Amino acid sequence: MNQTLGQKLFRTKPIVAGGAADGRVHAESGLQRSLGLFSLTMIGVGATIGTGIFFTMVEAVPKAGPSVILSFLIAAITAGLTALCYAELAFRIPTSGSSYSFAYATVGEFAAFIIAACLLLEYGLAASATAIGWSAYLNNFLTNAIGWQIPEMLRSPAIVSGPSGVELHAGQVNLPPMLLVIMCGFLLIRGAKESATANAVMVLIKLAILVFFVVVAFSGFDSSNFTPFFNADTSKGLAGMAGVTAAAGTVFFSFIGLDTVAAAGEETHNPTRNVPIGILSALLIVTVFYLLVALAALGAQPAAMFEGQEAGLSVILKNVTGHAWPALVLSAGAVISVFSVTLVTIYGQTRILYAISRDGLIPKAFQKVHPRTLAPVGNTVIVCLLVGAVAGLVDSTFLWDMVSMGTLTAFIVVSLAVPVLRRKHGELPGKGFRVPFGPYLVPGLSIIACLYIMKDLSHTTFRVFAIWMGIAILTYFIYGIRNSRLNHS
């Protein structure tokens with residue numbers, strides 16, 4: 001049957017029942033069900049803890065001052081509201097693709113494709129940004145361990161943000177993050193179970209290291225570092241709450257782990273139970289650690305010292321104790337922890353591309369899985385090449401806010417999908433997670449909170465995002481709308 005343009009734009013993908021099955025292989029996709037609740041929660045924690053606390057305080061504290069603690073709290077509350085929406089959608093639509101799949105089943109194909117573009121921006125740049133941060137901690141570790149530094153020309157990007165704008169420095173490359181992406185790629189093509197096991201080990205090490213940091217940093221706690229609490233500099237328009245919300249936008253991308261848990265739906269045992277619990281458990285763990293580490297770091301060091309500080313948490317420990325070994329321990333932990341963040345973020349990117357390809361909206365190459373490992377090998381190689389290139393050549397200053405923009409947009413659509421799904425399909429009988437207080441209050445608050453954070457992102461971020469959205473729309477009308485599997489349904 002021929003469809004009108006409007007029907008094509010708003011056609012929805014049927015919700016496939018049977019998500020609770022515990023078979024070895026998902027019937028439709030061929031992906032292996034190998035992840036339990038613990039592994040799934042660790043994926044969420046692994047994709048979240050590390051980025052917002054190891055790196056972005058250098059970007060966020062200069063904007064908000066000590067009140068960056070409020071920025072983390074605002075981001076956590078916003079993520080918590082959205083997490084409740086994710087949990088219901090993950091229960092009712094237990095599939096790969098996270099918010100893309102949720103949008104496809106509720107608000108239509110065109111909106112789903114736009115969200116897919118946001119997710120590709122979010123995951124790809126997040127993986128590149130975290131890999132870049134890994135380079136600084138690796139260099140700090142080598143300096144404290146053996147007194148050797150990576151040569152400047154091999155740990156500096158070619159495209160940087162300078163006083164006069166974008167600068168091109170020929171002959172420079174940030175080699176360590178490129179090597180990190182290669183290592184992640186080799187691990188991912190071995191299969192989801194092996195990757196999840198390695199991630200769980202790295203996450204436990206990461207949490208132990210952060211507990212170590214909090215204990216040591218609190219020994220040098222000085223309450224005067226919290227005065228003045230808000231940023232008082234009016235020159236950049238970031239004084240008071242404006243700085244708090246701007247910093248919240250910078251750190252918000254670190255809550256990407258919630259989306260990564262949902263992206264693993266087709267590789268999880270009993271996803272209708274484990275995915276909602278995994279999302280909420282990961283959020284709770286992450287919020288507690290973020291607030292503790294931020295409080296300890298700001299108590300141990302004046303806010304003015306954060307700007308431009310490489311491997312900041314290691315430097316804080318060295319200054320507090322007067323010894324190099326605590327900084328060495330922290331740097332070693334950061335090297336391991338950021339490996340897990342990069343690994344899980346690349347994993348999420350490949351699974352979203354897999355879901356989009358399976359629906360016919362991008363080429364079939366992204367959905368082919370290896371017959372033995374049941375991992376999308378070609379997909380993983382392509383993602384690693386692109387992520388590695390950005391990580392090796394581009395300054396991370398360009399990336400943080402763009403990732404937050406993609407994350408916030410995806411979270412808004414997830415929140416919108418809850419009332420749409422309830423309206424179309426009604427209440428499900430029996431037990432299962434539902435957003436409390438009805439389908440409108442929590443999703444509405446989530447959307448308002450996301451827009452509140454989004455408003456203080458930079459004008460450059462909005463311009464680049466608009467260009468990316470233009471490319472996505474062209475791609476959909478040139479390729480996606482004609483090749484969609486729903487054309488043949």
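Trainee: Is Ile 93 buried or exposed?
Mentor: We're looking at a predicted model, where local features need pLDDT of at least 70, side-chain atom pairs count only at pLDDT 80 or more, and totals for chains, interfaces and linings use all residues. Residues are numbered from 1 along each chain as its sequence is written, and side-chain values use heavy atoms, with hydrogens and water left out. The cut-offs are under 20% relative accessible area for buried, over 50% for exposed and partly exposed in between (1.4 Å probe, protein chains only). Ile 93 comes out at 6% relative accessibility, so it counts as buried.

Trainee: How many Å separate the C-alpha atoms of Ile 93 and Thr 272?
Mentor: Ile 93 sits in the loop between α5 (68–92) and α6 (99–106); helices here are DSSP runs (H or I, at least four residues), strands likewise (E, at least two), numbered from the N terminus. Thr 272 is 179 residues away along the chain, yet the C-alpha separation is 8.0 Å.

Trainee: Which side chain makes a polar contact with the side chain of Asn 174?
Mentor: Asn 174 lies in the loop between β2 (165–168) and α8 (175–188), and it is buried because its relative accessible area is 3%. Leaving aside neighbours within four places in sequence, its contacts (heavy atoms within 4.5 Å) include Ile 132, Leu 154, Arg 155 and Ala 391. A polar contact needs N or O atoms within 3.5 Å, within protein one able to donate a hydrogen and the other to accept it, and residues adjacent in sequence count only if both atoms are side-chain atoms. At 3.1 Å, the side-chain partner of Asn 174 is Ser 135.

Trainee: Which helix gives the largest share of the largest nonpolar core?
Mentor: Such a core is a set of buried Ala, Val, Leu, Ile, Met, Phe, Trp, Tyr and Cys residues joined through side-chain atoms within 4.5 Å. The largest one has 144 residues, with Met 57, Tyr 100, Phe 213 and Leu 313 making the most contacts inside it. The largest share, 20 residues, comes from helix α7 (residues 109–146).

Trainee: How far apart are the end C-alpha atoms of α2?
Mentor: Ten of the twelve residues in α2 are buried, among them Leu 40, Met 42, Ile 43 and Val 45. The expected span is 1.5 Å times one less than the number of residues. For α2 (residues 37–48) that gives 16 Å, which agrees with the end-to-end value of 17 Å.

Trainee: What percentage of the chain's residues is buried?
Mentor: The chain has 18 helices and two strands. Of its 489 residues, the buried share is 59%.
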